[in-house]
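Please read the points below beside the sequence and the coordinates. They take up one residue and its surroundings, and then one sheet with its helices.

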Amino acid sequence: MLSRKKWLLLPLILLMVALVVPMQGHTRSAKAQDTFKVAVVMPSASNDLAFSQSMIDALTAIDEEMGDGFEFVFQENTFVVDDAAIALREWAASGEYSLIIAHGSQYGAILEELAPEFPDVSFAWGTDVDTFGYDNVYAYEAGSDQGGFVNGVLAALLTNSNVIGVVGPIEVGDAKLYVDGFKAGVAWVNPEIAVNVNYIQSFSDVALASEAAQAHIANGADVMTGSAQMVVGAVGVAKETGNVLWFGQQSNQTELAPEIVVANQVYHWEVVLKEIIAQVQAGTLGGTSYKLTLENGGLVIEYNEAYALSAFDKFVADAVIQGIIDGTITYTLE
Amino acid sequence: MITDILKASVAASAIRLATPYIFASLGETFGQRSGVLNLGVDGIMLLGAFAAYYAVFETGNLLLGVLAALIVGMLLGLAMAFISVTLQAEQGISGIGLYLFGLGLSELLFQKTVVTPTPIDGFPRVNLPILTDLPVLGEIFFHHNLLVYVAFALVPISAFVLNRTTFGLQIRAVGQNPEAADAMGISVARVRYMTVTLGGGFAGLAGASLSIALLNIFQSNLTSGQGFIAVALVYFGAWRPYWVMGGALLFSTVNALQLQVKTIENALGINVPSEFAVMAPYVVTIITLIFASKRVEQPTALTKPFERGES
Amino acid sequence: MPENLLPTGHRRIEQMRMQGIVKKFPGVLAVDHVDFDVKAGEIHALLGENGAGKSTLMKILYGLYHPEEGHIYLNDQSVVIRSPNHAIQHGIGMIHQHFMLVPSLTVAENVALGLKSSRGLILDLEVVSKRIRELSEIYGLQVNPNSPIWQLAVGEQQRVEILRALYRGAALLILDEPTAVLTPQEVDDLFRILNQMTADGHALIFISHKLHEVLAISHRITVLRDGKRVYSIPAESATKEMLAQMMVGRPVVLRYDLPPIEPGPALLRLEGVCATSDRGDEGLKNVSLNVHAGEIVGVAGVSGNGQRELAQVIAGMRSITAGKIWLNNDDVTSHSPAAMNQHGLSHIPEARMTDGVIKNFTVAENFVLQNHGRKPYAWGGLFMNFRSITRQCKTAIKDYEIKTPSHETPIKSLSGGNIQKLVLARELSRQPRVLIAAQPTRGVDIGASEYIHHRLLEERTKGTAILLISEDLDEILALSDRIVVMYEGAIVGAVKRDAADVRTLGLMMAGSKVTV
Ligand SMILES: Nc1ncnc2c1ncn2[C@@H]1O[C@H](COP(=O)(O)OP(=O)(O)OP(=O)(O)O)[C@@H](O)[C@H]1O
Ligand SMILES: [Mg+2]
């Protein structure tokens, strides 16, 4: 009997090892005195070519710029909110970090609880606008509709079938903003074009995303876009079909399918992060909410050099970007 | 015309979506029929998917990819067999442990090797003379990649093995009444080792069907819980290969229809909230489960470790 | 046919000898230097109280257990039997106390299980079925090879077990309490088969607690007590009384007096109860029945005629399709088993291994299974009072002579009869108003049967209403104030104790309407 119980430990150990492996903390940069230390939790993999990666890319960019004066740690794949809460609390209690970032709107409730408990620690979270009225919380969001609009304009110019497919995750947050902006952009060029939007209700189901893309193609779509990390499945389908174009969102997805990606809206959180860091260094721990825009350079349309975009189309796109920045082009979202 | 395309595309979609479920559920059927519940299928699928992907990423050899997935899957199945048969650990918990292990390790290996999701050239769609060019039917049945056909071919093979071979008889006996099987000179442990290892191999293939045949990419948590659905489908199919396939197809068809809901709405002029559409596969599955099941094949010794009275 | 071959074509075992066999389990010396032998053409009976070590000795012979000491000789050659497979190869077959059949499989599949197929990996069920028919022919064992086991009556299942052993070439067949679950007719049938087998040169070992059976069928009798062989004699020179005394170590009473009791109010009432059986047909047809305080009502009948369903509907374990049930004048129709318990019902289920105990729980845990939340076993309905549980359980173990190393032993390692005694002890310790006892002494040795019968009679004196369901007519006749007979789900007759005799009861059990 006793030996049986002892054996039971084995799967338990296995379980613990397994728990530790995916949520392993990572540290990038060497230690130095007086460095600005940042800690961040994110819901998906740091290399998801989407939401989480956009934050890692930003932090890496800042790291390269600030060198020894900057250091960051992150915990990825923290889709279980309770796990995130544990990490955030630990970081806050350690007093080691100048800024703690909760990268995901699902973490809001945790921050609301943690922030008053650790008034000397500065927190940031997104994407959202709510600082809960605390002066040690920053909020950040992306005006994803802007790049969505630009992508939509280009898509409308490039479609021959006048059918465009969109693969979305769940109809909330920056995915919804992006899709709505995209639709507005298409309609701005030609309201006759059909934009079929398919929210598959999952951020992770690659197989379903791929079938959604198949469905769009079967329905005649020759241009597609999508948001969130499961779209790699959709890009794969577009690529295999050969004559279907793709617009990227959140990160630069060109490397997934260099033949068919036209342009990407890329998030540059470093624009906002740099501001926040400057504020914290100056002694202000929070209270402001930031937004990435084309104007402040937080949103950038990155073209795929390998795709032969006609000079005219590129000209129109650039003009639209400028128009949004200086306010000459306005649009309403659904 | 539009409805024809729709039907064809939904059916073809359903067949593709069902493929990983069929692999995984058939494998799980073997294990459960012999009395072992392996909840770690999703973890095995993930490592199988990665193994296949990495092999193809490095060598470009698709068969090597399939072999890698099969071997990795069988090794993990062997581990599960060791834990549940030899150590007699609680099967539910060890299965979850195996899942988390697969989830974590596949992610870790991916980050240490390939780093970013990079598309590979997977199994191409076959083009059969005449058949593929058939209107509608060609699109539905004869324009898939090889692994899709392998999955469907395994259904009658599995049914045959379970119902018509001496090994299948041993599996059924061990799952229903291990004491009786033992008294008839059958090694309960040996049979369970074989089925769980085989089930692991099938789960590995399920992963491969995603990473090198249907999606041709790897990403962390690529399966997003499909292994758990596969386990549920075994119950749904009342432990019978053909029913399990039916369940997988039903679930996938409703899923595929759900993707076409906008088109259907436009055609019919109605509006379905997308949440309902998404719930539909689960709801339909559960309802069918309630009405359709005749559970005579239920392995009564499921999850129960076997130990001869002698201590 | 050559001298040393059986009609099945297999070689005879002229003699099997076990010498100085010792087997220990944690806390028990189950078999203690036992010598035992059997010859071709002979039935050697093994007798002993529950837990005496009979099954253990036989499991050693069948390769399921391995002895610490001792040797086994087949035809004077020393053999080591490592596994059941090995035993089968040596021509030894065993029919276990608990049947070893897979219910969802057919007869042919159960027989084919573990055998080499003539077609390699692929099953050859037609070949197996054909051979089963041949064997059925030789021994007059009627079974349909294509029926699933769960559809067969107990007696038929046993025939499958015997057929399976013969199919495997058993020259020596061990039958561990084969009659415990059979009806008298089925027992006759079995004995006919056994006699034919010995005539053909098989060697048989027969275990039973029913002394008249042992005397009727066997050639030699060996008695075990506490793991030791205490006696071996030819059957001709044995009598019931002497066997009983050898087993138990004291004289045993085999017939009781029922002191007359003025029956009280009807504590259990059934009116027009109908229910569906497992097979989906009418299991109970319009059953009406009263049991009064201080009265034992015996339910006689051939098994499978609704007795199981009757016990289950009263215990709340089976839903009824029509009719009403009252306990203590409270309408308890369609109540749960727990609610029935609260109304003062105790139930000794027929399928004790599945319905009565939880195999992996300890003796003590099983003892408090239903009452664990109540005084004296718990405080405030929440915390188990282990001290009290232990004390009560130890008392029960002593009173009922339950053979177990301790109250913390898992119940699955107790012998069949001792599990039965524990269930009985538990149910009676709850001071029931109404008691359903289904086959209370099936598989129980005579010493313990006597004790159980005394306990039932004591309950009767205390004013408990008792429904005694039994296939053992002797038991029914010995204990019941009134007897009802069930046939095909209906009550076909009722007789007073004095008016009852075996012949009329037998006729009613066979379905003929008799009015007394
Ligand atoms: N697997 C086991 N583990 C521990 N103890 C055991 C095991 N099997 C039997 N025993 C113990 O060995 C003793 C002999 O048991 P056995 O089953 O041989 O009795 P039996 O003579 O067949 O009794 P019954 O008439 O009740 O069937 C009992 O005390 C029993 O509790
Ligand atoms: Mg026994």
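1. Helices (H or I, at least four residues) and strands (E, at least two) are DSSP runs, numbered from the N terminus. This is a predicted model, in which local features need pLDDT of at least 70 and side-chain atom pairs count only at pLDDT 80 or more, while totals for chains, interfaces and linings use all residues. Residues are numbered from 1 along each chain as its sequence is written, chains are lettered from A and ligands numbered from 1 in the order in which they are written, and side-chain values use heavy atoms, with hydrogens and water left out.

2. Ala183(B) belongs to helix α8 of chain B, residues 178-183. Because its relative accessibility is 1%, Ala183(B) counts as buried (under 20% relative accessible area, with exposed over 50% and partly exposed in between; 1.4 Å probe, protein chains only). Leaving aside residues up to four places away in sequence, Ala183(B) is in contact with Tyr62(C), Pro84(C), Ile88(C), His96(C) and Met100(C), where contact means heavy atoms within 4.5 Å.

3. In chain A, an open sheet of 6 strands with mixed pairing follows the order β8-β7-β9-β10-β11-β13, two strands being paired if DSSP finds at least two bridges between them. Its edge strands, each pairing on one side only, are β8 (194-199) and β13 (299-303) of chain A.

4. Strand β11 of chain A (residues 261-267) runs antiparallel to β13(A) and is joined to it by 5 bridges; Ala263(A) has Tyr303(A) as its bridge partner in β13(A).

5. Helix α5 of chain A (residues 144-158) lies across β7, β9, β10, β11 and β13 of chain A, at about 175° to β11(A); axes are lines fitted to C-alpha atoms, for helices over the stretch in contact, and angles run from 0 to 180 degrees between N-to-C directions.
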